[in-house]
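Student: I have a structure to go through with you. Could we begin with the ligand and then turn to the cysteines?

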Amino acid sequence: MYTHLQRDVSRPPVTLATLARMKADKEKIACLTCYDASFAVLEDAADTDVVLVGDSLGMVVQGHNTTVPVSMDQMVYHTAAVARGLNRPFLIADLPFMSYPSQELALAHSVRLMQEGGAQMVKLESGGKQTEIVEFLTGHDIAVCAHLGLKPQSVHKTGGFRVQGRERDAAARLLDDARRLEAAGADLVLLECIPSALGRTITEQLHVPVIGIGAGPDTDGQILVVYDMLDITTGRKPRFVRNFMDGATNNLDALQRYVRAVKSREYPAPEHCF
Ligand code: KIV
């Protein structure tokens, strides 16, 4: 046991134990993506519980059509920038496309995100073969978030950005994957773009916290891409996005409105769900 050099003792850092307690107490977990230090400071000030350096940065920061071109060096660079702006939130970073094809590479790249980037957890798009990789990482005491449902790194294989798990078989497979990943040691599960009923079933069946994006109102927490909810991105937005700048006085106000709306269960509303 060592003494923590903590800057703001009135706001203890969010840990995995905090997130487990929030699930048990049915307190909703408010999460946002983040890509730089300035937004990190704002998201921290808004009391966001979890910040994700998502490979969505390939689309909303770099202007690509998919997340596939994002490199490991870029993820480390953005994670380190975000870490410098955070005090309270729990920091997750994405393992980008093809950075975890083997256990050894997954481990080496997770270590980079943690040591050079300052991440506390790594996220990987999971299911099937990735279960063994999750087991290997958690066996090395690396905290892992398993991403299921719509997996943007696989869009060229799956045929686009579509709602997943609508058919009975696909829903059963997703539930099975979620159970296997939890058994493999995943500490958090993220569900993207699935029907609300399936989001609820998976959340009820798992012991670890479940975060949703377009997965209905019953997951333990919600996450949005920060540029989407601040209406910075142009073009047609996914159904689950709400514009929190609407009625807000500035960016911090909009972020605070989001955190309040998640905690009070006002967001997501039926129009944001599948
Ligand atoms: O990359 C990302 O930002 C994500 C979110 C959509 C959850 O995975």
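Student: By class, which residues make up the shell around the ligand?
Tutor: The shell has four nonpolar, four polar and four charged residues. Please keep in mind that this is a predicted model.

Student: Which residues are they, by name, around the ligand?
Tutor: The ligand is surrounded by Thr 33, Leu 52, Gly 54, Asp 55, Ser 56, Asp 94, Lys 123, His 147, Leu 190, Glu 192, Ile 213 and Ile 223.

Student: How far is an oxygen atom of the ligand from an N or O atom in the side chain of Ser 56?
Tutor: That distance is 2.5 Å. For the side chain of Lys 123, an N or O atom lies 2.8 Å from a ligand oxygen, and for the side chain of Asp 55 the corresponding value is 3.1 Å.

Student: And how much of the ligand does the protein bury?
Tutor: The protein buries 96% of the 260 Å² that the ligand exposes when taken alone.

Student: Which pocket does the ligand take up?
Tutor: The ligand occupies the space of the largest pocket.

Student: Changing topic: how many disulfides are there?
Tutor: The count is zero, by the sulfur-to-sulfur distance rule of 2.5 Å. Cys 31 is in no disulfide, and the nearest cysteine sulfur, which belongs to Cys 145, is 8.9 Å away.

Student: Is Cys 31 buried or exposed?
Tutor: Cys 31 counts as buried, because its relative accessibility is 1%.

Student: What about Cys 273: where is the nearest cysteine sulfur?
Tutor: The nearest cysteine sulfur is that of Cys 193, 11 Å away, and Cys 273 is in no disulfide. With a relative accessibility of 9%, Cys 273 also counts as buried.

Terms used: Residues numbered from 1 in each chain as written. Predicted model: local features only at pLDDT ≥ 70, side-chain atom pairs only at ≥ 80, totals over all residues. Heavy atoms only, no water. Near = heavy atom within 4 Å. Polar contact = N/O pair within 3.5 Å; in protein donor to acceptor, adjacent residues only side chain to side chain. Areas by Shrake-Rupley, 256 points an atom, 1.4 Å probe, with all protein chains shown as cover. 1 Å grid on protein atoms, 1.4 Å probe; cavity = no way out; pocket = protein on both sides within 12 Å on 5 of 7 lines; lining within 4 Å. Sits in = over half its atoms within 2 Å of the grid points. Nonpolar A, V, L, I, M, F, W, Y, C, P; charged D, E, K, R; others polar. Buried < 20%, exposed > 50% of the residue type's maximum accessible area, 1.4 Å probe, protein only.
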